[in-house]
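I opened this model to look up two things. The notes below cover a sheet and then a domain contact.

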Amino acid sequence: MRVKFTTTLLSTLLAALAAASPALAGGNLETLDITQRQPSPVPGEINAKVVPVFWDSRCIPVQFRVNNTQDPIPNPLGAPILSLAAATATLQKSFDTWNSIPTSFIDMRIVGTNNNPGFVGFDFRNEITFRTENSFDFIASTPNITLLEDAVFVDGDDIDGDGISDVSSAITTCKDVNGHIVFPAGFYKAGTLLDVDIQFNVKASNGYRLTVADTAVDTNIRSVDFQAVATHEIGHAHGLSHVLNNQKSGTDGTGATMFPFVDTGDPASELSQRTLDSDDIAWSSYFYPEGSAASGPAALQPGDVPFKAVYGLITGTVTHGALNQPLAGASVSARDLVTGSEFTSGYSGTTQVSFDPVTQNSFVVSPAHDILDGKYVLPVKLGVWKIGVEAVDGNPVASGSINTTTQVGDFWGQQNFNEGVWGGPLESAREVNAGFAFPVVSLPSLTTGNINLVTNNQVNLNNFGSRDQVGFTAVPPGFYFAVQIPASQISAVNPGGDLLIQAGAFDTFVFDASVAPTFGEAILTTGTVSGSTATLDLAHPLARQTRFVGQDDDFAPFYFPFPDLLGKLVRTKIARGDIQNLFLVLRLSTSPPPGVSALPSLIGLDGGVPNNDVPIYGLSFSSADGVTFNRSNTYNFRFSLIVAKP
Amino acid sequence: MRRVARVVLCLLVAALALTPAWATTAVERTDTDLIQEAAIIVTGHCTHLQSQWLGRTLVTIATISVSEVLKGQAGSEVTVVLPGGIDVHRRFPIAMSFPAAPQISQQENVLLFLTPEDRVPHGYAIVGFSQGKLTIANNVQGQAVASQNLSALNLQGRSGTVSRGRAKTLLLSELRQKIQAGIGSSARR
C-alpha cells in the first residue's frame with residue numbers, strides 16, 4: 001500500500017512539473033464575452049462565453065469616491081451614530097484589509113468625495129453611497145459595469161454617453177479627473193470592469209444601523225458591523241464571487257468573508273467577517289498575482305511577496321457521475337488533510353450561453369452546448385490536501401447567489417449530487433469507500449494537475465421531504481434523534497444483488513453562525529419497532545463516531561468503514577430475519593452549547609406544516625435516555641442513508 | 001441568532017419563526033418574511049424580457065403573465081424590474097450586474113414575491129433579491145412546487161426535460177394555506 005501511495009504521489013508531482021496551464025474557473029464574478037460573435041445553434045443568435053470580471057492593471061489603484069450628501073449617516077433605528085468621517089475611516093480599513101494582502105497586487109483607494117444626490121449608475125465614477133432606492137431591501141450591494149467585447153478605446157471616446165470623454169491617449173493609467181475616471185487609450189478585454197459602485201442600505205423603511213466599534217456589535221438583527229459588510233462588498237468590487245464556506249472547521253464555525261450572509265444576531269460572526277479567510281486571500285491573489293509583471297502594479301514593491309513563492313495550483317475536472325457530463329458550477333474545495341480546515345474553494349466548469357443580439361436575452365441550449373468543460377483550479381499554499389466537491393444546491397447557498405456558471409449547471413440538473421472527495425486512483429462514479437480521500441500535495445509555483453473528480457452515483461434513502469423547520473432547542477443534553485430505515489427499503493435498492501452501505505447524511509444547523517454544529521455521536525445501528533416506540537441496539541452499533549461534526553445549514557456525511565462488508569453483513573442478516581431495521585442516530589453533546597444563544601446544535605425537519613410535500617412517515621424517533629425512542633407524528637427528521645450498487 | 005425556517009422549540013411545541021438575520025448582499029428571508037413583506041405574490045410565466053436604461057442604471061424588465069394571485073391585487077400581467085441588464089446596441093457593448101441578483105428566463109414559470117418599484121410605472125421589484133423568485137415545476141409526485149434550486153425540479157429546457165434533485169422546495173398548496181392563514185402565529189426575535 002505504501003509503495004503504491006508513493007508512486008502515485010510521484011506521478012502527481014511529475015504532472016506538477018509539467019505545469020499545465022490552469023483553467024480559469026474559480027471564485028469570480030462573471031459576465032459575457034460576445035467578441036467572436038460565433039453563431040449559436042439557435043438561428044439568429046450567437047455564442048456568448050461566460051468569463052470572469054476583473055480590473056485592468058492600468059486601472060489599479062482603483063479609485064473610489066464617497067458620497068457626501070448624507071452626514072451623519074442615517075440610522076434607521078434611531079438618532080444617527082455614524083459620521084461620514086467615521087464611515088470613511090471604516091471603509092478605508094476595509095480597503096486596507098484587501099490592499100495589505102502581500103501576494104495580491106489589488107489596490108483600492110478612497111480619493112475623495114462626490115455629491116451625487118441620486119443613486120449610483122454607469123457614470124465612470126466608482127461611488128460609495130448610502131443612498132438606495134425604496135425597493136432596495138438588503139444590506140448592501142456592489143453593482144458593476146463590464147465590457148462585453150474585446151475593444152480598443154481611443155482618445156476622446158465617450159463610453160457612458162454623458163458627453164464627457166472617458167478615454168485619453170495622454171495617460172497610461174486610469175486617472176480621476178474631476179471625479180470621473182478616465183481610461184488610458186488602448187486594448188481592453190471582455191470582462192474588464194469599467195465602473196463599480198458600492199451601496200449601503202440605511203433607509204428607515206428597510207435599512208440597517210451601521211456600527212463601527214467593536215463594542216457596538218450586538219444581537220439586534222437590524223444592526224450590523226459596517227466594517228464586516230464593507231469588507232465583503234469590496235471583495236465584490238474587485239471581482240470576487242460568493243463562496244459556500246460558512247464553517248472553517250469542526251471547531252470554528254466562522255467562514256469566509258465572501259460567504260453571502262452575515263449573522264447580524266451573532267457578534268462573533270459579524271466581527272469575524274472583518275478578517276479575511278485563507279479563501280478570500282487566495283482568490284484575490286490568484287486574480288491579481290503579485291510579481292506577475294516586470295512593471296506596473298503587478299511588479300514587486302517593498303513588502304510584496306510573489307504569488308508564485310507562496311501558492312501552487314491544484315487543477316483538474318469535475319464530472320457528474322450519474323449524468324456522465326462535465327459539471328458546471330460544482331464547488332471544489334481544498335481542506336488540510338490533517339486538521340480538516342478548509343483552505344479555499346472554487347467552481348468548476350467553463351460555460352457559454354446563446355445570446356440574441358436583438359432582444360439582448362441569453363438562453364441555455366443544451367448541456368453539450370452550454371458546458372464546455374468541467375475544469376477547475378484552486379490556489380493553495382504548500383500542504384497536503386483533501387480535495388472535495390459539493391453541489392451548489394441551496395444548502396448553504398443557492399446557485400443564483402454565486403455566478404452564471406453555477407446557474408447553468410443548476411439549470412441542467414447537475415447540482416444534485418452528494419458531496420464527495422477525490423479518491424486518487426480509485427476515483428470513479430462508483431467507489432466502494434466514498435469517504436476515502438487520497439492526499440494531494442501542493443508546492444509553491446507548481447501546478448498539481450489531473451485531480452479529476454467524479455461525483456458518486458449513489459442512492460439516497462430519504463424518508464423525508466423538503467426542510468420546513470430546524471430543531472430542537474428545548475431538549476436536554478445528550479438527547480437522541482433517530483430515523484428508521486426498514487429492511488424492505490434497503491433490500492429494494494438492488495434486489496438479489498450486493499449493496500454498498502456507504503454513509504449516513506444528517507441535515508444539521510446551528511443557531512449562531514460563529515459556532516460549528518457538533519454532536520456527541522453519530523451512530524448506525526439496528527433496532528425494532530413496536531407500536532409507537534422503537535428499541536435500538538446502541539450497545540452494538542454497526543458504526544459509531546463520537547464528536548460528530550455537522551455542517552451549518554447543510555447535510556453532513558458520516559462515512560461508514562468497509563461499506564462492502566457492511567452491505568454483505570446487513571443483507572445476510574436481513575435475509576435471516578436478524579435485522580428488521582437500520583437506524584441512523586444523532587445524539588446531542590452533553591457539553592453546554594457554545595455561542596451567544598447557547599442553543600444546542602439543530603437538525604433539519606420536514607413537517608410541522610398543514611400541508612406537507614410528503615407524508616409524515618412515522619419513521620422518526622427521539623429519546624431522552626437512549627432506552628425508549630418515541631415516534632414523531634409531526635416531523636420527518638432529515639437523515640439520509642446513502643447506499644450504492646457495486 | 002438568525003435565519004432560515006422556523007426553529008422548533010421542543011418536541012411538543014411547534015414553530016417559532018425567527019427573523020433571519022443575514023446578509024451582505026441580501027437578508028435571508030423565511031417563507032413568512034417573504035409573505036409579509038410582499039405587496040403581491042403571484043405565479044405566472046415570463047413572456048418577455050427587455051433590458052432598459054433607467055437613468056444611468058441598466059435593468060431588465062420582465063413581463064409576467066399571471067396565472068394566480070396569491071396575495072394582493074394584480075392584473076393579468078405584472079411588470080417586474082430586475083437589477084442589471086445588457087446593452088449591445090452601443091459602440092462598446094456593456095453589462096451591468098449585481099452579485100446574486102435575481103434572474104428570470106423567457107417562458108420560465110415563476111413564483112414571485114413582489115414589492116412596488118418606484119422607477120417604472122406599475123412596476124415591481126422582487127423582495128429579498130433572488131430569494132423572492134422561485135421557479136415552479138412539478139415534483140416527482142406531480143405536485144406543483146417552487147424552488148430556488150433548479151436541480152430540484154423537472155424543467156423544460158430547449159432540448160427537453162432535464163434532471164431532478166432534492167433541495168429547497170416549497171409546495172404551492174402549502175404556501176396558499178400559509179397566506180390564507182395570515183401567518184399570524186409566527187413570532188420574531
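Before reading any partner across chains, I fix the term: two strands count as paired if DSSP finds at least two bridges between them. The model is a predicted one.

**Entry 1, the sheet.** I looked up where the two chains meet in a strand pairing. Strand β7 of chain A, residues 144-147, pairs with strand β7 of chain B, residues 94-97. The sense is antiparallel, and I note four bridges for this pair. Which residue of β7(B) is the bridge partner of A:Leu147? I find B:Ile94 in that place.

I then followed the pairing outwards. The sheet is open and has four strands, in the order β13(A)-β7(A)-β7(B)-β6(B), with antiparallel pairing. On the chain A edge I have β13 (193-196), and on the chain B edge β6 (85-87). Each of these edge strands pairs on one side only. I also took the angle: neighbouring strands of this sheet are turned by 15 degrees against each other on average, direction ignored.

**Entry 2, the domains of chain A.** I read the assignment for chain A as domain 1 (2-22 + 309-454), domain 2 (57-286) and domain 3 (459-644). For domain 1 and domain 2 of chain A, I have the C-alpha centres 29 Å apart. Their contact takes 18 residues from domain 1 of chain A and 16 residues from domain 2 of chain A.

Which strand gives the most to the domain 1 side of this contact in chain A? I noted β20 (residues 342-347) of chain A, with four residues. By residue type, I list that side of domain 1 of chain A as eight nonpolar, eight polar and two charged.

Definitions and conventions
Residues are numbered from 1 along each chain as its sequence is written. Chains are lettered from A and ligands numbered from 1 in the order in which they are written. This is a predicted model: local features need pLDDT of at least 70, side-chain atom pairs count only at pLDDT 80 or more; totals for chains, interfaces and linings use all residues. Axes are lines fitted to C-alpha atoms, for helices over the stretch in contact, and angles run from 0 to 180 degrees between N-to-C directions. Domain bounds come from an automatic or database domain assignment. Two residues are in contact if their C-beta atoms, placed from the backbone, lie within 7 Å. Ala, Val, Leu, Ile, Met, Phe, Trp, Tyr, Cys and Pro count as nonpolar, Asp, Glu, Lys and Arg as charged, and the others, Gly among them, as polar.
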